[in-house]
Each structure stands twice: as C-alpha cells, then as structure tokens.
Amino acid sequence: MKFKKILGHILIIAGICIPLQAFTQISIRDMSSAMDYKKYQEEYRSKNKSSKNIKEDFDKYDRSVVEGSGLVDPFVADDYKSDYQIRGWDKDKIFGYLIIPSIDVKQPIRLDASYDHLDKGVAHIYGTSLPIGGKDRRSVIAGHRGWYRGIMLLNLGKVVPSDKVFIDRNGKLLTYEVKDIEIIRPSEWQKLKPIQGKDMLTILSCHPIRPPSPYRMLVNCERVEEVTGDKAGAKSQNGSSDQSYSIVASQKTRSTPVKYVFYTITIVGWLLVLYRLWKLIKELRGYYGQENC
C-alpha cells in the first residue's frame with residue numbers, strides 16, 4: 001500500500017510538471033522582457049555603432065524593395081532564402097526593439113522572419129523596407145500571437161487606432177501611430193506595399209488566435225514626429241536612453257490580464273509541486289522506516 005502511495009505522488013508530480021514547465025518559461029520570459037530591453041539600451045547603443053558600409057547597404061536594400069516585391073509569408077514558408085547583402089551584419093543579432101506600450105510589449109527585432117527568429121521575438125519580413133524610417137517606405141514586422149515560450153503578441157487584438165508604437169534602434173526612437181487594423185488573406189501581399197509620401201510600419205500576425213489561423217492581422221502605423229517627454233521638446237533621436245525610456249514609460253498601458261493568469265497558474269503549480277514533494281518525502285520516510293523494522 002505504501003509503495004502505491006509513493007508511486008501515486010510521483011505520477012502526480014510528473015503530471016503537474018509537464019505543463020508547468022511551459023507556464024514557467026512563459027512567465028519568466030514575459031517578466032524579463034523589460035530587463036532585456038534595458039540591457040539592449042545599455043549595451044547595444046554603446047557598442048554597436050553602424051559602419052559606413054552597413055548604412056550604405058541599408059539604403060541599397062531599401063531601394064531594391066521599394067515596390068514591395070519578393071514578399072514571403074513567414075508563417076507558412078520557413079525554407080525560403082533571404083539575401084539582405086548587408087556587409088558586416090549578422091542576421092542573428094538584435095536589430096532593434098518593437099515597443100507597444102498599450103499592450104505592454106517589448107520584443108527584440110531580428111532581420112529575416114525565420115522560425116528561429118520568430119521563436120525569440122519578432123522579425124523583419126524580407127522584401128519590405130527595413131525598420132529605420134523614411135518616406136515612401138513600409139517596414140513589416142512579424143510576430144506570433146502567443147507561443148509556447150512566451151506571450152509574444154497575444155494581445156495584439158487589443159491595439160486600437162491612435163495607440164503609439166515605437167522602434168528603438170541604436171539610440172534612435174522612431175514613433176508611429178496606429179491608423180487602422182486589417183484582416184487579410186495570406187495571398188493579399190499588395191496590402192503591404194509602400195504608400196507614396198508615407199513612412200509606415202505594419203505589424204503582422206496570424207488571425208484568429210486559435211489555430212487554424214487562415215488569415216493575417218495587419219496593424220498599420222504611420223510615422224509621427226518624435227519628441228521627448230520634457231518641456232524643452234528636444235528630438236528623441238538625439239536623446240539619451242533615459243529620455244527614450246521615459247517616453248515609452250509615459251504611454252498608457254491597457255489592461256492585459258492574460259499574463260497574470262499565466263503568473264497565477266505558475267505560482268499555484270509550483271506550490272502544488274512542493275506540497276506533493278512534502279507528502280512524498282513523508283511517505284518515503286514511513287516506507288523505509290517499515291523496511292528497517
């Protein structure tokens with residue numbers, strides 16, 4: 001009988017730990033996103049100054065995609081080959097940060113929306129303008145609406161027109177304002193072409209959240225003038241990381257209770273594991289005590 005109880009406790013602990021591992025990983029990753037962003041501000045801005053060759057190749061790439069041709073749906077094609085042809089640039093390096101204060105999102109941007117890059121954050125879709133700003137350009141950033149390792153863009157559906165969206169790129173804070181939200185079919189890539197005279201950013205994700213997700217959600221944003229939160233109104237692209245951080249922090253955050261559900265399940269799950277471990281230890285002591293008798 002004692003052995004059956006011990007086995008039961010072990011099976012219960014194993015059953016709790018299997019889903020708890022995912023919830024724990026999601027919770028830790030979400031809670032650490034703000035710290036990761038701060039680390040980016042401190043490290044990348046001081047060490048990663050773009051060389052002249054890289055800047056020239058950025059412009060060359062943007063000129064080559066002005067018509068929006070060569071677009072690839074990152075959620076259905078992972079075997080395509082991109083060729084940014086940017087000298088001295090490692091595609092696995094963080095290019096910048098996507099920040100959506102209204103839904104408390106701070107995600108690193110990497111070039112090329114491959115499976116690995118989308119697993120680590122959000123990623124730039126090859127064939128669209130780079131997220132560095134400029135008229136007649138439209139950068140498209142893709143991200144999952146929830147992932148087994150993080151909340152990601154799960155709350156993207158709560159974004160509304162007039163919300164601010166930021167791209168933080170090596171000390172330059174690009175400010176965009178949400179203009180509209182569209183639901184399209186994956187084949188409607190003409191919707192992602194640049195619009196003459198406008199500097200645009202589009203955030204792309206699957207829709208609806210529950211699979212299968214046959215549609216794509218587009219959050220279309222248009223560039224607005226960037227100013228710091230101080231009274232002097234100094235341009236943020238010439239400001240410090242503290243100024244950029246204060247601009248982002250000043251934005252209103254909409255209630256996103258989903259993440260607290262993950263936190264609660266994680267805490268309760270670990271309490272149950274500890275309780276079951278305590279019960280298991282008691283049973284083991286009793287079992288070995290009987291054996292010695």
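Accessible areas are computed here by the Shrake-Rupley method with a 1.4 Å probe. On that basis, the protein chain of this predicted model exposes about 15600 Å², and carbon and sulfur atoms supply 56% of that area. Of the 293 residues in the chain, 45% are buried.

The secondary structure comprises five helices and eight strands. Followed along the sequence, these elements take the order α-α-β-β-α-β-β-β-β-β-β-α-α, with two helices at the start and two at the end of the pattern. The contacts add to this picture: among those in the protein chain with a separation of 6 or more, 69% join residues 24 or more positions apart.

Aromatic rings offer a friendly place to look more closely. The structure contains 11 aromatic pairs. One of them joins Trp-89 and Phe-95, whose ring centres are 5.5 Å apart with the planes at 70°, so this pair counts as edge-to-face. The cut-off behind that assignment is an angle over 60 degrees between the planes. In general, two numbers describe such a pair, namely the distance of the centres and the angle of the planes. Trp-89 and Phe-95 are both buried.

Phe-95 has a further partner in Arg-169: the charged end of Arg-169 sits over the ring of Phe-95, at 4.2 Å from the ring centre. The ring of Phe-95 is thus described by two contacts of interest, the edge-to-face pair with Trp-89 and the charge of Arg-169 over the ring. Elsewhere in the aromatic inventory, Tyr-37, Tyr-40 and Tyr-97 form one cluster.

How values were computed:
Residues numbered from 1 in each chain as written. Predicted model: local features only at pLDDT ≥ 70, side-chain atom pairs only at ≥ 80, totals over all residues. Heavy atoms only, no water. Phe/Tyr/Trp six-rings, centres within 6.5 Å; stacked < 30°, edge-to-face > 60°. Buried < 20%, exposed > 50% of the residue type's maximum accessible area, 1.4 Å probe, protein only. Lys NZ or Arg CZ within 6 Å of the ring centre and 35° of its normal. Helix = DSSP H or I, 4+ residues; strand = E, 2+ residues; numbered from the N terminus. Contact = heavy atoms within 4.5 Å.
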